[in-house]
Amino acid sequence: MYLTDFISADSIHTQLRGASPIHLFEEVVDRWIESDRLLASYREPALVALLKKEAAKTTRIAPGVALPHGRISHPIPSTGALVLNREGLDLGQGPPVQVVVVLLSPQDDSEMHLSALSAISRVLGNVDLIKEIRRMTDP
């Protein structure tokens with residue numbers, strides 16, 4: 001599995017400024033809706049799933065890097081977004097994060113969700129790649 005299986009060029013955001021998880025998730029979910037990656041009627045379940053996971057335990061996976069993810073009980077393809085938040089996103093535990101990969105998957109496809117998380121974790125574990133992402137200006 002590759003990141004391009006669930007993160008397309010229109011899901012790479014280098015200018016999002018959400019200062020809190022809710023603001024960032026709203027921006028990402030709204031952009032998924034605008035680009036027809038998610039139905040508008042799934043907006044609320046998507047936000048609830050992402051916030052619920054973050055509230056249960058921080059999704060920080062490395063210094064300055066987070067992988068918030070959630071699952072909803074609707075038939076969607078696994079959908080992701082790569083976000084660069086230059087000011088830093090305060091997750092409430094530790095220093096702010098600047099690189100965020102958001103993943104949303106259907107509840108009934110655990111294998112796909114875990115495969116996507118694994119693929120993302122491998123990429124985000126590459127320190128040199130994280131440095132490149134932090135320097136991005138355009139997708």
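This passage describes the nonpolar cores, a helix pair and two strand residues of a predicted model.

We may begin with the interior. The largest nonpolar core holds 24 residues, and within this core V29, W32, L38 and L104 touch the most other members. Two helices and two strands, namely α1 (21-34), α2 (43-56), β5 (79-89) and β6 (97-106), each supply at least two of the core residues. The greatest share comes from α1, which gives 6 residues. L104 offers a good view of the surroundings: leaving aside residues up to four places away in sequence, L104 touches W32, L38, A46, A49, G70, R71, I72, I76, P77, S78 and T79. Apart from the largest core lies another one, of 16 residues, including L67, A116, I120 and L124. As general background, nonpolar side chains in soluble globular proteins tend to be buried together.

The two helices that contribute to the largest core also meet each other. The axes of α1 and α2 come within 10 Å and cross at roughly 145°, and the crossing is right-handed. On the α1 side, the contact is made by P21, I22, F25, E26, V29, D30 and I33, while α2 brings R43, A46, L47, L50, L51 and E54. Sorted by class, this contact comprises 9 nonpolar and 4 charged residues, with no polar ones. V29 thus appears twice, since V29 belongs to the residues of the largest core that touch the most other members and also takes part in the meeting of α1 with α2.

Attention now turns to H13, a residue of the strand β1 (residues 12-13). H13 counts as buried because its relative accessibility is 4%, against a cut-off of under 20%. The side chain of H13 makes a polar contact with the side chain of R31, at 3.0 Å. Beyond residues up to four places away in sequence, H13 touches R31 together with A81, L82, V83 and L84.

A second strand residue, R60, lies in β2 (residues 60-62). Although R60 and G94 are 34 residues apart in sequence, their C-alpha atoms are 8.9 Å apart in space. G94 is also one of the residues that R60 touches, along with V65, A66, L91, Q93, P95, P96 and V97, when residues up to four places away in sequence are not counted. For P95 there is a further detail: its backbone oxygen lies 2.5 Å from a polar atom of the R60 side chain.

Conventions: Residues are numbered from 1 along each chain as its sequence is written. This is a predicted model: local features need pLDDT of at least 70, side-chain atom pairs count only at pLDDT 80 or more; totals for chains, interfaces and linings use all residues. Side-chain values use heavy atoms; hydrogens and water are left out. A nonpolar core is a set of buried Ala, Val, Leu, Ile, Met, Phe, Trp, Tyr and Cys residues joined through side-chain atoms within 4.5 Å. Buried means under 20% relative accessible area, exposed over 50%, partly exposed in between (1.4 Å probe, protein chains only). Helices (H or I, at least four residues) and strands (E, at least two) are DSSP runs, numbered from the N terminus. Contact means heavy atoms within 4.5 Å. Axes are lines fitted to C-alpha atoms, for helices over the stretch in contact, and angles run from 0 to 180 degrees between N-to-C directions. A crossing is left-handed if the near helix is turned anticlockwise from the far one by less than a right angle, and right-handed if clockwise. Ala, Val, Leu, Ile, Met, Phe, Trp, Tyr, Cys and Pro count as nonpolar, Asp, Glu, Lys and Arg as charged, and the others, Gly among them, as polar. A polar contact is a pair of N or O atoms within 3.5 Å; within protein, one must be able to donate a hydrogen and the other to accept it, and residues adjacent in sequence count only if both atoms are side-chain atoms.
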